[in-house]
Amino acid sequence: MNAPVSARHLMSAAASRAVRPRGRLTVSQWADNHRKLSSKGSNEVGNWRTARNPILREIMDCLSLHSPVREITVMKSSQVGVTDGPFICSLGYYMEYAPCPVMVFMPTLEARDTWKVQKFNPLLTETPIIRNIMGGLRSRDAQHSKDVIEGPGFIIFLAGGNSPNSYAQKSAKVVEADDLDRFTDSVGESTRKVGDQKVRTSEGDPVELMRSRFKSFPNSYKFLKASTPTIKDASLIEREFNSGDGRRYHIECPSCGEFQVLKWSNVKANVQMTEAWYVCEHNGCIIHHQDKAKFLPEMGHGGTARWIPERPEITKHRSYHISALYAPIGLGPSWLDLMIHFKRVHKNPQQLMTFINSNLGECWEDRSAEKLKTNELQKRAGNYTHGEIPPGCLVLTMGVDTQDKWLAYKWLGWGAPLTDGGPMRHWIIKYGAILGDTTGYQVWDDLEAEIHLTMVNSYGKEMRLRAVGIDSRGHRGEQVKNFVMRPSLKVPVYAVQGSTTHMGRAIAQTGSYPNKGKTGKVIKHGYCTWNIGTEHCKDYLFGNLVADADRQQSEYVINFPQGLEVEYYDGLISEVYDPEKKRYIPRVGAKYKRNEPLDCFVYAWAIGQHRDINIGRGRSGRPDPRYWERLAVTLEGEYKVEKVEGAGEEKPRAIPAPMSDGKISLGNSKRFGR
Ligand SMILES: [Zn+2]
C-alpha cells in the first residue's frame, strides 16, 4: 500500500461524503440492491435476496449506520449464512455507502487467508458496485494484499486473532470477529492482582482487545461477533450472548397461532426415519417442514415471526441465537436430516457435542457441571479452619505451582478411606502464595522454610510434609532443578510436569530427562522430572467433587476448611472437560484465570502416589489398611487409647521412610509417620 496516495483518497472521499445526500439505507437494502453471490462462496448464485433467509435481516440491519445498536453477538449453528449475510454485506455497505475504517478478525492468520479468498474476494470482484470502486484504484494491489484493503474513504484491516500485532496500533469504527470460539483465549499481556501485589500475566481477553480498537468512535462504533459455541462456561460467544439482550426467533404456529421458539426436543420423526415434524409446544399441533416458507418470514416483511429479547432493558447490545432448525428449505439441513444425524451420533459424547454445537448452536454442557459451582463448593467448607489439621488427616503433601513472579503452594491432607476399596479422604489444609521474582533466591528460601514447617494436629502431635511436587514446566526449570537438589531439604521434593500424553495414572513410574554423566549413563539419584497424568488427576478431583454433592459432610472425599477465599474455589474449578479435545480446557471469565489452586491440587495429589511415597499402600503397592492404623496410633494415639480397648498397649512403630531418588536427607524420619 502507498500511504500518501491513500491519505489523499481518504480526504477526497470525506469531501465527497460531505455533499452526498444521506438516506437511511439499511445493510439489507444495500445488499438487495447491489450484492451478487458467487459460486466460490455460496450455495446459490445470482442476486442476493435477504428474504431468502429472513432470520438474518434484523442482524444485518443492526449494522446499518443509523441503527442505535452498537454491539451485535450471534451465537449460531454452522452454515447458516451469517458470514455471507451480516459480515460480507456490511463490509460492502461500509466500503460503498458509508466508508470508514473497518477491522475484521479471524481466529488465525490461516483462517483469515482462507476467508479472504473464499468469502471476501468474491465481493470485491463479482459485486459490480464494489468492483467499480476497487477498479478505480490499483485493484490488483488491493486484491493481492492479505491484510489491508483500501479504497475511497475506507480501509479494511484483516487480522488473525493469534497474532498480537493484529490488535496493536490500529483504530476502526467497525470491528467484526467471526468464529470467536476458535480464538485463543489469551492474547498479549495484562496485569492481575495476587495477594496484595500486581502480577503481570500473559492473559488478554481477545474480545477486550478488539474493543479497544474502536475507542476513538465511542458513539458510532459497530462491533459484530459471531461463532458456533463450544463448551458451557468455556465459550466466549456464550459469555457475549449472555451479556447482550438475548434474542430468540419466535415463529407463529400455523395451526393455533401461538408464538414459540423452535426447540430440538420438539422435533419428532417416525421409526423408519423417513419423515420428521415439529410439535407445537402450546397445543401439540403438527408443524410441517414444508411450512417453513410460511412461518419463517418476519413481521413487516411478509410474515409474522419476530425476534424477542429476554433482557429488553439492554438496548445497545443485541445478541441473537440461531439454530439449524430455522434453516430455510434448501439452505441447510432439514428437520429430517437433523434427526438422522442425531440418531447416528447420540451415543458418542464427542460427536454429540459437535452436533449440539454445530447444528443446535448451543453449548455442550457436562452433566456434572451443575454441581461444580463456586458457591456450591463454598457451602461445603467443614468444621476446621484454614491452616488447621482436622482429626482423621494423617499424612500431608504439598503441590507448588511456579510462576515468574510468585509461587503458589498447597498443603493437602490424606486420610484412610471410609470404605474398603473406596477413595482416600482429603483435606485442603492450607493454600498460599510466596511473592517475589522466581529467578532470585529469596522466594526459594521462603519456600524451603514453608516446606520445613511443623504443624500440630488436634491431638497435639507434630506433623510434617511427607513429600512435595513442584511444577517444572514453566519458565523456571533451572531454578526448580536447583531447589530440588538443595542438600538442606529435609523432605522429599520432586520436580513434576504435566504429561502431554494421556497417562492413565497420577504419576509416572520412572523419571524423565534424568541427568547423565559424561559417559551418557544416567546418574543414580540424580535430578529428573516426573510426568503427571493431569487428566487422570483432574478426573479424580472433579469426579469426587461431583460425588460429594450427594454425600454427607462427614463422608466427603474432598474437604475444605473455613476461611478459603472465593478466588480459591474459582481457581479450583477453572477448567472443564472438552470431549472433542479429550482434555480439560480453561473456563472463560476473569474469575477463572487463576488456575493455581487446581494445579497445586494435582501436584500434591500426584506426588502422594510417587513410587517412593505411596501413601495408603503397602510395599506391594496394594491399599494397606494397616498403613492408616499405624499412623492413627502414632498421631491420634491418645484418642485411640481412650476409645478403643487395648489399643494403648500397641507401641507406635516408626518405620523409616524410603530414600527418594534425589540424595535427600530425610532427617528425623519418625516425624513423617512411616
Ligand atoms: Zn399450535
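A residue is called buried when 20 or more other C-beta atoms lie within 10 Å of its own. This criterion will be needed several times in what follows, where strands of the model are described by how far they are covered. The model itself is predicted. Of the 674 residues of its protein chain, 42% count as buried. The secondary structure of the chain comes to 19 helices and 28 strands. Among contacts in the chain with a separation of 6 or more, 69% join residues that are 24 or more positions apart.

A suitable place to begin is the strand β24, which spans residues 493-498. By the criterion above, five of the six residues of β24 are buried, and the strand is thus mostly covered. Strand β24 belongs to an open sheet of seven strands, whose order is β25-β24-β23-β18-β19-β20-β26 and whose pairing is mixed. The strands at the edges of this sheet are β25 (529-532) and β26 (558-559), each of which pairs on one side only.

As a general principle, the strands of a sheet pair through backbone hydrogen bonds, either parallel or antiparallel. On one side, β24 runs parallel to β25, and four bridges join the two. Within this pair, G498 stands opposite I532 of β25, and Q497 stands opposite N531 of β25. Strand β23 is also parallel to β24, again with four bridges between them. Here G469 has Y494 of β24 as its bridge partner.

Helices accompany these strands. Helix α15 (residues 477-484) lies across β18 (395-402), β23 (467-471) and β24, and runs at about 155° to β24. Helix α18 (residues 596-607) packs on the sheet as well, touching β18, β19, β20, β23, β24 and β25, and its direction makes about 135° with that of β18. Together, β23, α15 and β24 make a right-handed β-α-β unit.

Another strand, β3 (residues 71-76), also illustrates burial. Six of its six residues are buried, so β3 is largely enclosed by the rest of the structure. The covering extends to both faces of β3: E71, T73 and M75 are buried on one side, and I72, V74 and K76 on the other. Strand β3 pairs in the parallel sense with β10 (residues 222-227) over five bridges, and the bridge partner of T73 in β10 is K225. It is likewise parallel to β17 (residues 317-322), with which β3 forms six bridges; in that pair M75 stands opposite H321.

The packing of helices may be considered next. Two packed helices are described by the angle between their axes and the distance between the axes. For helix α2 (residues 27-34) and helix α4 (residues 83-96), the angle is about 85° and the axes are 9 Å apart. Because angles of 65 to 115 degrees count as roughly perpendicular, α2 is roughly perpendicular to α4. The residues that meet are V27, W30, A31 and H34 from α2, and C89, S90, G92 and Y93 from α4. By class, this contact comprises five nonpolar, three polar and no charged residues.

A final example is G46, which is found in strand β2 (residues 46-47). Since G46 has 10 C-beta neighbours inside 10 Å, and 12 or fewer is the limit for an exposed residue, G46 counts as exposed. Leaving aside neighbours within four places in sequence, G46 is in contact with K36 and L37. G46 and E126 are 80 residues apart in sequence, and their C-alpha atoms are 9.8 Å apart in space.

Methods. Residues are numbered from 1 along each chain as its sequence is written. This is a predicted model: local features need pLDDT of at least 70, side-chain atom pairs count only at pLDDT 80 or more; totals for chains, interfaces and linings use all residues. Axes are lines fitted to C-alpha atoms, for helices over the stretch in contact, and angles run from 0 to 180 degrees between N-to-C directions. Angles under 35 degrees count as roughly parallel, over 145 as roughly antiparallel, 65 to 115 as roughly perpendicular and the rest as oblique. Two residues are in contact if their C-beta atoms, placed from the backbone, lie within 7 Å. Ala, Val, Leu, Ile, Met, Phe, Trp, Tyr, Cys and Pro count as nonpolar, Asp, Glu, Lys and Arg as charged, and the others, Gly among them, as polar. Two strands pair if DSSP finds at least two bridges between them. A crossover is right-handed if, with the strands pointing away from the viewer, the path from the first strand over the helix to the second runs clockwise.
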